[in-house]
Amino acid sequence: MITRLHLHNWKSFEDASLYIDPLTFVIGTNASGKSNILDALCFLKRVSEGALIKDCISSIRGGEEWMILREKTHFSITVDIIEGDYTYKYTIGIGKVGNSCMLVEESLRKQWNNAAERTLYFADYSTNNNQEPSLDTRFLTGTKGQPKRMNLSRNTAVLTQVEIINVIKEIKDATSLVCRTLSNIFVLMPDTTAMRNYSPLSDKLLPDGGNVAGVLAAMEPSQKTKIESQLTKYLKSLPEKDLNHVWAEPVGRFNRDAMLYCEEQWTEKSLVLDARCMSDGTLRFISIVLALLTGNPNSLLVIEEIDNGLHPSRSEDLIRVLRELGSIGNIDVLCTTHNPVLIDALGNKMIPFISFVKRNDLGYSSIELLEDKENLAKLMSSSRLGDLMINDKL
């Protein structure tokens, strides 16, 4: 599982670390840098899937023009992954070379408990000709002597090239683990407009949640029944009246598309609605619950502005669902929010798992653990945490 994300000269961050737990909340004002954290995770996911470096760069908001902190020439992102007794530290760096950005740094290190780190591979182009198309990379050999040197393609990360080259098994196993972990990052940004439409049958939920109906309708019957029952269970108290049933079914002459439906209970009568009539909050909640129910074990689900469209009175229900389903599926959940009611609903026990993002006078973003905030106890003795956030006391 990912336990730490470190950003160096990435977008608005000069040097900052985010610690990731089973349930983590990130708070901060508009333009503080919260979305830049999500962009970093999206970038790592694309890198791990073998995408071309130039495509990884262009897919991020702002592209290469805004990836690197202003007046800097290089950024790096480091992610810590814990597996058993080992911590793996993967770093990738991009630098400005002429008029474009290129891969200029990459490494993978391994540490057992508190023992010294071992560098499994390392590539650094600071002393080489950055215009060269190949990467001078050094690999651990497991024997005494100099590391094994190889020239690899600069178009994709070394991480995804290890599978087809001759290196020791320890390195292959480590890169496989890191690739699998990073590819299991899922950033969910529900688009309720897309969810209201008919969607093609699908085997994987899209980042905008627009194919919720297609994913449900394409499931094998017994799994579909189980997942729809769980969806109904967790969504039951969300609307003003109870939901009796949430489901999807194929539509059209060829049954290649699907529509989402729900049945609400009003006194003695029930009312069936399709997605076109459902509220934004209900649709967003459905996509979040489905992502948790169908996500891969040991994955990281990232949700921006988790409370959008959700009535404040449902904040405690939302947190309960995140905790319960995250634990059942072994899925870590990282959320950003502006909602003071939601922050208050977390309770004091969640304080160690809340980070706040802010910008200094130079415009650089920082990430701080809420529990490390100076005079936090004194501040909370006079105001609720949500009020402190509203009044910019954090």
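A cavity here is a set of grid points where a 1.4 Å probe fits but cannot get out. In this predicted model, a search of the whole structure turns up 2 such cavities of 30 Å³ or more. The largest cavity comes to about 50 Å³, and its lining is made up of Met-1, Ile-2, Ile-20, Thr-181, Asn-184, Ile-185, Asn-298, Ser-299, Leu-300 and Asp-332.

Asn-184 is a handy way into that lining. This residue sits in the loop between α4 (169-183) and β10. Its relative accessible area is 15%; the cut-off for buried is under 20%, so Asn-184 counts as buried. Setting aside neighbours within four places in sequence, Asn-184 touches Asn-296, Pro-297, Asn-298, Ser-299 and Leu-300. Of these contacts, Asn-298, Ser-299 and Leu-300 also turn up in the lining of the largest cavity.

Next come the pockets, which are open. The largest pocket has a volume of about 610 Å³. It is lined by 30 residues, and those closest to its centre are Ala-291, Leu-293, Thr-294, Gly-295 and Asn-296. As for secondary structure, β10 (185-188), α7 (221-235), α8, β15 (299-303) and α9 (315-329) each give two or more residues to the lining of this pocket.

Helix α9 is also home to Glu-324. With a relative accessibility of 29%, Glu-324 is classed as partly exposed. Beyond its neighbours within four places in sequence, Glu-324 is in contact with Lys-233 and Tyr-234. The C-alpha atoms of Glu-324 and Leu-292 are 9.8 Å apart, with the two residues separated by 32 places along the chain.

On to the packing. Nonpolar side chains in soluble globular proteins tend to be buried together. The largest nonpolar core in this model holds 64 residues, and Phe-25, Leu-216, Leu-231, Leu-260, Leu-290, Ile-306 and Leu-322 are the ones that touch the most other members. Helix α8 (residues 280-294) is the top contributor to this core, giving 9 residues. A second, separate core has 63 residues, including Ala-157, Ile-171, Cys-179 and Val-357. Back in the largest core, Leu-216 has contacts outside its neighbours within four places in sequence: Lys-224, Ile-227, Glu-228, Leu-231, Ala-248, Leu-260 and Leu-290.

Phe-25, another of the residues that touch the most other core members, belongs to strand β3. In β3 (residues 23-27), 5 of the 5 residues are buried, so the strand is largely enclosed by the rest of the structure. Side chains in a regular strand alternate between the two faces of the sheet. In β3, Leu-23, Phe-25 and Ile-27 point one way and Thr-24 and Val-26 the other, and all of them are buried. There are strand partners to match. β3 runs parallel to β16 (residues 331-337), with 5 bridges between them, and Thr-24 stands opposite Leu-334 in that strand. β3 also runs parallel to β17 (residues 354-359), this time through 3 bridges, with Ile-27 opposite Phe-356.

Following Phe-356 leads from β17 to β18. These two strands are antiparallel and joined by 5 bridges, and Phe-356 has Glu-368 as its bridge partner in β18. Together β17 and β18 make a hairpin with 5 residues between them, and Gly-363 in the turn takes a positive phi of about 90°. Unlike β3, with all its residues buried on either side, β18 has a split pattern: Ser-365, Ile-367 and Leu-369 point to one face and are buried, whereas Ser-366 and Glu-368 point to the other and are not.

Just past this hairpin, Lys-373 lies in the loop between β18 (365-369) and α11 (376-382). Phe-356 shows up again here: leaving out neighbours within four places in sequence, Lys-373 is in contact with Phe-356, Leu-379, Lys-393 and Leu-394. The C-alpha atoms of Lys-373 and Phe-356 are separated by 9.5 Å, the residues being 17 apart along the chain.

Finally, helix α1. This helix (residues 34-48) has 15 residues and spans 22 Å from its first C-alpha to its last, close to the 21 Å expected at 1.5 Å a residue. α1 is mostly covered, with 12 of its 15 residues buried; among them are Lys-34, Asn-36, Asp-39, Phe-43, Lys-45 and Ser-48. Just after the helix, Gly-50 adopts a positive phi of about 85°.

Key
Residues are numbered from 1 along each chain as its sequence is written. This is a predicted model: local features need pLDDT of at least 70, side-chain atom pairs count only at pLDDT 80 or more; totals for chains, interfaces and linings use all residues. Side-chain values use heavy atoms; hydrogens and water are left out. Helices (H or I, at least four residues) and strands (E, at least two) are DSSP runs, numbered from the N terminus. The expected span of a helix is 1.5 Å times one less than its number of residues. Buried means under 20% relative accessible area, exposed over 50%, partly exposed in between (1.4 Å probe, protein chains only). Two strands pair if DSSP finds at least two bridges between them. A nonpolar core is a set of buried Ala, Val, Leu, Ile, Met, Phe, Trp, Tyr and Cys residues joined through side-chain atoms within 4.5 Å. Contact means heavy atoms within 4.5 Å. On a 1 Å grid over the protein atoms alone, a cavity is a set of points where a 1.4 Å probe fits but cannot get out, and a pocket is an open set with protein on both sides within 12 Å along at least five of seven lines; lining residues have an atom within 4 Å of a point. Grid points are joined across faces, edges and corners, and a volume is the space filled by probe spheres set on the points.
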